[in-house]
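Reader: I have not looked at this one before. Can you walk me through it?

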Amino acid sequence: MNSKTLSEALHKLPYPGLNRTLGELKLISEVKVSDSIAHIELLTVSDDSYLNVKAAIEATFSTDFIALNITKKNTAAKDINYGNSSTPNNRAPYARNVIAVTSGKGGVGKSTVSVNLAIALAQKGYKVGILDADVYGPNVPRLTNTDLEKIKWNDDNKIVPSENYGLKIMSVALTTPTSDTPLVWRSSVAVSALIQFLEDVAWGELDFLVIDMPPGTGDIQLTMAQELPITAGVIVTTPQLVASDDVSRAIRMFQDIHVPMAGLVENMSYFIAPDTGHRYDIFGSGGGERLSKRYNIPLLGQIPLDMSIREGSDNGEPPVVLGDTNQKAHYMNIVEAMLKSANFTVGR
């Protein structure tokens, strides 16, 4: 088997556990056969992916050669000279505006809000990308019905974002071999991956880059504020007192690192019983209003606890696209309020 035939065979080899080949995923960088030794260079992003592909190649071709020399292509070292939140770097010069969506705690619907706000912006005619920066709990692919897609590269060795509902989408979930692969990463590794997603993805020109942040006040939030001129932050909370306590810390963090605040979104704000039409404040009431007054930031809107929103989100059918008129209006009204409250560049 010579270099050409091996290359052709490698390009047809299925990626383990996927209905995609190594060629379709553009994971083969260079192939050379010399003295019955195969030298194969891979373009995998993560170490897990490299080891999986390496094992598959060895299982398929080990009897065809004296030895298999399978390596991972060394990419140019990234500039990790971090900026600071007062004078941040700009690793996304292709984006006119950057919106960071975060929450004080998990489970408040931050990713659902991020996706629907991003789509609502796209429905207004803007070019929008969404970066799933919640590396340990990446939900954006499921919410956008792109969870079965995997990472691929273009001819310029740029990562090609997934696309759906008018969005360009990038998530670490698109890089893992299976949907339940855990990312046991130290924060420095997670930060490096996100910087790669900012710099090495073929985003094109964007009017808005929406970043779905992880909950809390950690390294990723700080790094994003150091590496991007964030136009506005959006905080997602529920009315519950415990959520409000945590959100207070997230608001103070944004203030301390000089991120302008577009406002608050109170999610799961109330429940309307479908049989009686009665309103129930399951998680309490007034949490968003109290935070708005306390920190002098706008309350952009209140989204009810709605089974249809949950069901549509689980199925990758965002309510701002496929919901009823009331569901769509919740997100569209929040976007209108957000555009008025922050200093966005929206000229054509």
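Author: What follows goes through the sheets, some helix pairs and two single residues.

Reader: Before that, what kind of model is it?
Author: The model is predicted: local features need pLDDT of at least 70, side-chain atom pairs count only at pLDDT 80 or more, and totals for chains, interfaces and linings use all residues. Residues are numbered from 1 along each chain as its sequence is written, and side-chain values use heavy atoms, with hydrogens and water left out.

Reader: OK, sheets. What is the order of the 3 strands in the open sheet?
Author: The order is β1-β2-β3, with mixed pairing. Helices (H or I, at least four residues) and strands (E, at least two) are DSSP runs, numbered from the N terminus. Two strands pair if DSSP finds at least two bridges between them.

Reader: And which strands stand at the edges?
Author: β1 (28-34) and β3 (67-72) do; each has a single partner strand, so one side of each has no neighbour in the sheet. From one strand to the next, the twist averages 15 degrees. Angles run from 0 to 180 degrees between N-to-C directions, and axes are lines fitted to C-alpha atoms, for helices over the stretch in contact.

Reader: How many bridges join β2 to β3?
Author: 6, and the two strands run parallel. His 39 has Asn 69 in β3 as its bridge partner.

Reader: Which helix packs on that sheet, touching β1 and β2?
Author: Helix α1 (residues 3-12), whose direction makes about 145 degrees with that of β1. Touching here is contact, meaning heavy atoms within 4.5 Å. Helix α2 (residues 47-61) lies across β2 and β3, at about 160 degrees to β3.

Reader: Is Ala 67 in β3 buried, exposed or partly exposed?
Author: Ala 67 counts as partly exposed because its relative accessibility is 31%. Buried means under 20% relative accessible area, exposed over 50% and partly exposed in between (1.4 Å probe, protein chains only). Leaving aside neighbours within four places in sequence, Ala 67 is in contact with Ser 36, Ile 37 and Ala 38.

Reader: Where is Asp 200?
Author: Asp 200 is in the loop between α5 (187-199) and β8 (206-212). At 17% relative accessibility, Asp 200 counts as buried. Its C-alpha atom is 9.8 Å from that of Trp 153, and the two residues are 47 apart along the chain.

Reader: Next, the sheet of 8 strands. What is its order?
Author: This open sheet runs β6-β7-β5-β8-β4-β9-β10-β13, and the pairing is mixed. β6 (162-164) and β13 (299-302) are its edge strands, each pairing on one side only. β10 (residues 261-266) and β13 run parallel, joined by 3 bridges.

Reader: What does α11 lie across?
Author: α11 lies across β4 (95-103), β8, β9, β10 and β13, and runs at about 180 degrees to β13.

Reader: And how do α3 and α11 cross?
Author: The axes of α3 (residues 110-123) and α11 (residues 325-341) come within 9 Å and cross at roughly 75 degrees. That makes α3 roughly perpendicular to α11. Angles under 35 degrees count as roughly parallel, over 145 as roughly antiparallel, 65 to 115 as roughly perpendicular and the rest as oblique.

Reader: Which residues of α3 make the contact?
Author: Thr 112, Asn 116, Leu 117, Ala 120, Leu 121 and Gln 123; the α11 side includes Tyr 331 and Met 332.
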